[in-house]
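Me: Please look closely at a single part of this chain and describe its surroundings step by step. I would like one connected account that also places the part within the whole.

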Amino acid sequence: MALPKVELHVHLEGTIARPENTDANFMSLGDFLGVYDKGMEKLQTARDFHDVTLAYLRRAADDEVRHVEMFFDPEPHMERGIAAGAMVDGIEEAIDTASRELSTPAGAHITANMIFSWQRNRGVRSAEACLQAMAPYVGRVVGVGTSSDYVASWPEQYAPLYHKAESLGFRKCCHAGELTDGSDGDWSGMERALKLIDPERIDHGYRCVADPSGRLLEAVVEKQVHLTVCPLSNARLRCINSLAEHPLRRLIDSGCNISLNSDDPGYVSDAERHLTQVFALCSDQFELSLDELANISKSAARAAFISEDRLVEIEQAIDKWTVQVQQQTEP
Ligand SMILES: [Zn+2]
């Protein structure tokens with residue numbers, strides 16, 4: 001049996017296969033977003049949202065993923081005249097079908113949640129309209145995130161909207177600490193996001209190690225804010241020059257609460273089993289032990305927006321896997 005996994009950081013629009021004439025390596029986040037924004041134009045109807053969601057959940061189930069929390073970006077779709085309800089209906093129907101009909105190689109079922117995300121470069125007025133459009137679907141949509149490109153002072157700009165979203169019942173996630181360029185996409189924006197937005201999860205967040213005072217890393221550990229790190233995506237989008245530059249080992253050894261995720265698997269992965277590829281590459285690069293691999297998976301399950309019963313079910317599956325692998329490797 002493969003390690004039972006939980007994926008907390010994957011974008012629905014990023015699961016669409018990249019154009020055939022491109023490979024999985026991009027020049028920068030901006031270069032990637034140009035291709036990504038174009039690719040998402042394929043999503044036009046509730047049926048399209050359904051089909052793309054179900055296709056990904058099928059691949060995830062084949063990869064022994066037990067639970068997925070999937071971001072989607074309503075703003076560009078709304079701009080193209082697609083109603084918020086059509087997106088939610090399409091994604092939800094696929095999630096329902098997947099949980100009823102799909103099974104992992106170990107015979108387990110798969111569950112999923114959806115999280116809408118604001119495309120930060122579109123500005124707060126667009127985000128406000130998006131929040132209004134998504135408000136009737138709270139519960140069916142469990143949370144809000146902030147993705148796409150980074151703009152100056154984004155934590156200050158988006159904090160009031162986050163508080164409003166929270167009061168409506170949305171759980172808070174945000175992309176931060178992803179870039180190495182000293183902008184607000186780097187550790188300084190993340191530091192202010194932690195203070196002003198106070199998210200339950202930070203997507204990426206690995207740049208907390210870049211704060212020269214060391215205080216941001218300390219705060220992440222102390223608050224146990226969960227970081228959904230995506231080392232392969234960071235390397236493929238040239239946020240770092242290679243996987244070896246990712247501070248995954250330091251994050252783990254410092255006591256950070258992290259998970260491993262694929263981010264935009266249709267674009268940055270070149271394997272059939274996306275998350276297994278991420279785990280395998282990181283395991284080789286950072287010499288992750290069996291316990292560390294199991295802990296990463298458990299940490300993801302604990303940070304997921306799922307019921308206590310579902311959490312226990314997934315944790316037990318991970319424990320079962322650990323015992324099986326230990327037994328196989330014993331002489
Ligand atoms: Zn992302």
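Reply: Leaving aside residues up to four places away in sequence, Arg-120 touches Thr-146, Ser-148, Asp-149, Tyr-150, Val-151 and Trp-154, and this, like everything below, is read from a predicted model. Arg-120 sits in the loop between S3 and H5. With 22 other C-beta atoms within 10 Å, and 20 or more being the cut-off, Arg-120 counts as buried. Two of its contacts can be placed in named elements: Thr-146 belongs to strand S4 (141-147), and Trp-154 to helix H6 (154-168). Further along the chain, Gln-157 lies 37 residues from Arg-120 in sequence, while the C-alpha atoms of the two are 9.6 Å apart in space.

Gln-157 also leads to the helix that follows the loop, since Val-124, Ala-127, Glu-128 and Leu-131 of H5 meet Gln-157, Tyr-158, Leu-161, Lys-164 and Ala-165 of H6. In general, a pair of packed helices is described by the angle between the axes and the distance between them. Here the axes of H5 and H6 come within 10 Å and cross at roughly 5 degrees; because angles under 35 degrees count as roughly parallel, that description applies to H5 and H6.

H5 itself covers residues 124-134, and its buried residues are Ala-127, Cys-130, Leu-131 and Met-134. Viewed down the axis of H5, these buried residues fall within an arc of 100 degrees, so they line one face of the helix. The face turned away from that buried side carries the exposed residues Arg-125 and Gln-132. Ala-127 and Leu-131, both buried, are also among the H5 residues that meet H6, but H6 is one of several elements over the buried residues: the cover also includes helix H3 (74-79), helix H4 (84-101), strand S3 (111-119) and strand S4 (141-147).

As for the wider setting, an unreviewed UniProt entry lists residues 24-321 as "domain: Adenosine deaminase". Over that range the chain is 52% helix and 14% strand, with the end C-alpha atoms 31 Å apart. The secondary structure of the protein comes to 14 helices and eight strands. Its radius of gyration is 19 Å, close to the 20 Å that the globule rule gives for 331 residues, so the protein is as compact as a globular protein of that length. The C-alpha trace spans about 60 × 50 × 45 Å along its principal axes, and 49% of the residues count as buried. Of the contacts with a separation of 6 or more, 79% join residues 24 or more positions apart.

Note on methods. Residues are numbered from 1 along each chain as its sequence is written. This is a predicted model: local features need pLDDT of at least 70, side-chain atom pairs count only at pLDDT 80 or more; totals for chains, interfaces and linings use all residues. UniProt positions are given in the numbering used here, feature names are shortened, and annotations may be inferred rather than shown by experiment. Helices (H or I, at least four residues) and strands (E, at least two) are DSSP runs, numbered from the N terminus. A residue is buried if 20 or more other C-beta atoms lie within 10 Å of its own, exposed if 12 or fewer, and partly exposed in between; C-beta atoms are placed from the backbone. The arc is that of the directions from the helix axis to the C-beta atoms. Two residues are in contact if their C-beta atoms, placed from the backbone, lie within 7 Å. The radius of gyration is taken over C-alpha atoms; the globule rule is 2.2 Å times the number of residues to the power 0.38. Axes are lines fitted to C-alpha atoms, for helices over the stretch in contact, and angles run from 0 to 180 degrees between N-to-C directions. Angles under 35 degrees count as roughly parallel, over 145 as roughly antiparallel, 65 to 115 as roughly perpendicular and the rest as oblique.
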